[in-house]
Amino acid sequence: MPRARSGQGRTRNRWRGGTVPGHIEDYALIGDLQTAALVGRDGSIDWLCLPRFDSAACFAALLGDEDNGHWRVAPASGGNCTSRSYRGDTLVLDTVWETATGTVKVTDFMPQRDRAPDLVRIVEGVSGSVDMRSEVRLRFDYGSIVPWIRRSDGHRIAIAGPDSVWLRSEPPVTTYGKDFCTYADFTVSAGESVASVLTWHPSHEKLPRRIDPYQALASSVEDWEMWSARCRYEGPWRDAVMRSLITLKALTYAPSGGIVAAASTSLPEEIGGVRNWDYRFCWLRDATLTLNALVSSGYLDEAASWRDWLLRAVAGDPADLQIMYGLAGERRLTEFEVPWLPGYEASTPVRIGNAAVEQVQLDVYGEVLDSLFLSRERGLRPEEDSWELQRALMEFLESQWREPDEGLWEVRGPRRHFVHSKVMAWVGADRAVRTVERLPDLRGDVARWRAMRETVHREVCRHGYDADRNTFTQYYGSAELDAATLLIPQVGFLPPTDPRVVGTVDAVRRELDHGGFVRRYTPDHVDGLPGGEGAFLACSFWLADALCGTGRQKDARDLFEELLSLRNDVGLLSEEWDPVARRQLGNFPQAFSHVGLVNTALALSRTDRTP
């Protein structure tokens with residue numbers, strides 16, 4: 001039986017862990033398919049939003065310090081873990097500390113919820129005996145509200161406004177409060193365990209049914225193993241692909257099928273800079289690439305759910321199409337700043353919501369049409385009325401494709417004629433034409449769409465291509481480059497063997513190089529924001545794809561292996577990489593990066609099988 005040490009040595013054995021968050025890559029992800037938590041190497045959960053990904057955080061130390069909310073469970077001596085790993089192909093995290101007196105393991109997970117979200121932390125003695133400490137600082141509304149805490153029926157109950165959190169342990173351990181924090185000191189020996197469960201529910205409702213933490217652990221492992229067993233990829237990078245697919249599943253909001261871009265907000269693209277955005281929403285730009293990754297890996301149900309979310313989100317007047325939506329398709333994602341959070345490593349402002357939702361990005365029409373075309377090609381169940389929606393989108397695109405826009409990268413500068421946006425307008429027309437050619441019973445003005453397709457192609461090749469440098473540029477009349485032009489062969493605008501494609505790949509590789517990886521573009525020339533950013537990981541995967549497509553398989557494989565080496569110890573990637581400081585940047589974990597990993601692994605594996 002674990003031995004409680006209530007109050008024992010509170011000064012002598014005071015906590016010796018850090019007070020600010022670690023590097024972005026120090027975190028692991030756990031979640032229940034409706035929200036997610038980030039767990040540090042020191043055993044501290046520094047980010048958790050309840051009850052949804054986009055809800056206000058109750059643990060926000062990630063963007064400030066411990067006073068903004070966290071939950072650490074670790075040896076009382078503090079310090080980072082000895083090792084950690086996910087339990088096989090699951091989202092159950094095992095963290096191990098080897099101390100002078102013994103070895104202990106902490107298992108963290110969030111079981112898929114019935115009604116209320118639960119966060120479970122199980123401490124297990126492996127050898128010897130280890131003094132442990134649990135330290136819970138609940139701070140609702142992004143670290144700003146200290147809740148009222150009381151005891152009831154073996155629980156610590158924290159309430160503030162609409163939020164209520166219940167904390168209990170099995171077997172019970174003694175807790176005490178100090179400085180608006182709840183502590184528990186206890187000792188575990190080999191074979192002993194203590195499970196702590198944190199449950200959130202609306203404060204006006206009764207406590208939901210208690211879960212058995214040990215049964216929940218067994219069920220969670222079984223659920224994830226059954227899901228992972230459906231993966232069809234058996235290539236040389238299966239572990240990396242499987243972890244990326246699990247991460248994409250973890251970033252899925254199960255009630256709607258929407259996939260959030262990342263679990264976090266405001267992790268900076270430059271340490272100390274202002275490029276800090278909220279990524280807890282669903283972007284249309286990710287649609288086709290995400291669908292391809294899911295379908296090609298055998299996850300047809302998830303692909304269909306993502307497609308269905310897409311159809312619901314974009315329904316309505318095509319003129320009102322947004323670049324992103326909320327988890328269930330919400331349209332109002334108002335951006336505001338949170339002044340009381342000092343930001344990750346003093347990177348301010350901390351932003352909630354995303355003003356880019358108001359931007360005009362014409363590429364999203366092509367993305368939607370391409371996604372729905374791919375859905376049909378890959379045999380996903382058809383949706384009634386989806387063709388009528390596609391026709392309406394095409395009609396709007398026909399009338400608007402000649403206009404300037406803000407482009408794929410959501411620049412906060414003037415609108416321009418971005419080459420990628422025009423290429424995606426061509427994609428929209430091309431997919432509409434091909435759909436009717438293959439399904440002649442569908443109504444559509446194919447002749448007009450063919451004419452549009454030819455016109456767009458001609459214009460892009462005339463105004464978006466620099467013949468002197470043999471490369472496509474970022475926008476008409478620009479000398480700048482854009483890594484999005486690497487997608488030109490992938491979407492079928494030109495074949496990979498076309499000299500203009502080869503020239504573009506070489507130019508991007510040369511001029512957007514950042515420590516062997518790829519920037520999105522040269523930021524000081526176009527986006528209207530101060531400061532810089534790191535190498536963009538999704539674009540670096542696109543370069544590997546383009547190298548593979550242009551016959552340079554060895555270069556593609558070498559780059560891919562370099563990208564794999566950037567993953568943290570549990571296989572996760574953020575949005576960007578700083579090749580100078582050699583650390584991850586941007587929101588974490590990033591769906592776009594993991595989609596890129598899966599698709600590049602699939603492309604290289606197909607090439608390896610080609611005679």
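**View A. The second largest pocket has 21 residues in its lining, of which A319, L321, E358, Q359 and V360 lie nearest its centre.** Helices α6 and α7 are the elements that give two or more residues to this lining (helices are DSSP H or I runs of at least four residues, strands E runs of at least two, numbered from the N terminus). Welcome to a predicted model, in which local features need pLDDT of at least 70 and side-chain atom pairs pLDDT 80 or more, while totals for chains, interfaces and linings use all residues. Residues are numbered from 1 along each chain as its sequence is written, and side-chain values use heavy atoms, without hydrogens or water. The second largest pocket holds about 380 Å³ (a pocket is an open set of points on a 1 Å grid over the protein atoms alone, with protein on both sides within 12 Å along at least five of seven lines; a lining residue has an atom within 4 Å of a point). Its lining has 10 nonpolar, five polar and six charged residues.

**View B. The largest pocket offers about 750 Å³ of space.** Look for L289, N292, P489, Q490 and V491, which lie nearest its centre among 33 lining residues. Two or more lining residues come from each of α4 (287–296), α6 (363–377), α8, α11 (537–549) and α13 (591–609). By class, 16 of the lining residues are nonpolar, nine polar and eight charged (Asp, Glu, Lys and Arg count as charged, and Gly is among the polar ones).

**View C. The largest cavity encloses about 170 Å³.** Here 17 residues form the lining, and E269, W277, W409, E410 and R520 are the closest to the centre. Eight of the lining residues are nonpolar, two polar and seven charged. The model has five cavities of 30 Å³ or more (a cavity is a set of grid points where a 1.4 Å probe fits but cannot get out). W409 also belongs to a cluster that ring pairs form with F536, W542 and F592.

**View D. T182 is one of the residues lining the second largest cavity.** That cavity has a volume of about 70 Å³. Strand β12 (155–160) is among the elements that supply at least two lining residues, and β12 gives the most, with three. T182 itself sits in strand β15, residues 181–189, and is buried at 7% relative accessibility (buried means under 20% relative accessible area with a 1.4 Å probe, protein chains only). Beyond its neighbours within four places in sequence, T182 contacts residues including V136, I149, R156 and Y176 (contact means heavy atoms within 4.5 Å).

**View E. Aromatic rings meet at Y176 and Y183, and at F418 and Y475.** The model holds 18 aromatic pairs. The Y176 and Y183 rings are stacked, 5.4 Å centre to centre with 15 degrees between the planes (Phe, Tyr and six-membered Trp rings pair with centres within 6.5 Å; planes under 30 degrees apart are stacked, over 60 edge-to-face, the rest tilted). Y176 is buried at 7%, and Y183 is buried at 9%. F418 and Y475 pair edge-to-face, at 5.9 Å and 75 degrees. F418 lies in the loop between α7 (386–400) and α8 (419–438), and Y475 in the loop between β24 (471–472) and α10 (499–511), so this pair ties together parts 57 residues apart in sequence. Both F418 and Y475 are buried.

**View F. R416 places its charged end over the ring of Y475.** The distance to the ring centre is 4.8 Å (NZ of Lys or CZ of Arg must be within 6 Å of the centre and within 35 degrees of the ring normal). R121 lies over the face of W71, 5.2 Å from the ring centre.

Note on methods: Buried means under 20% relative accessible area, exposed over 50%, partly exposed in between (1.4 Å probe, protein chains only). Grid points are joined across faces, edges and corners, and a volume is the space filled by probe spheres set on the points.
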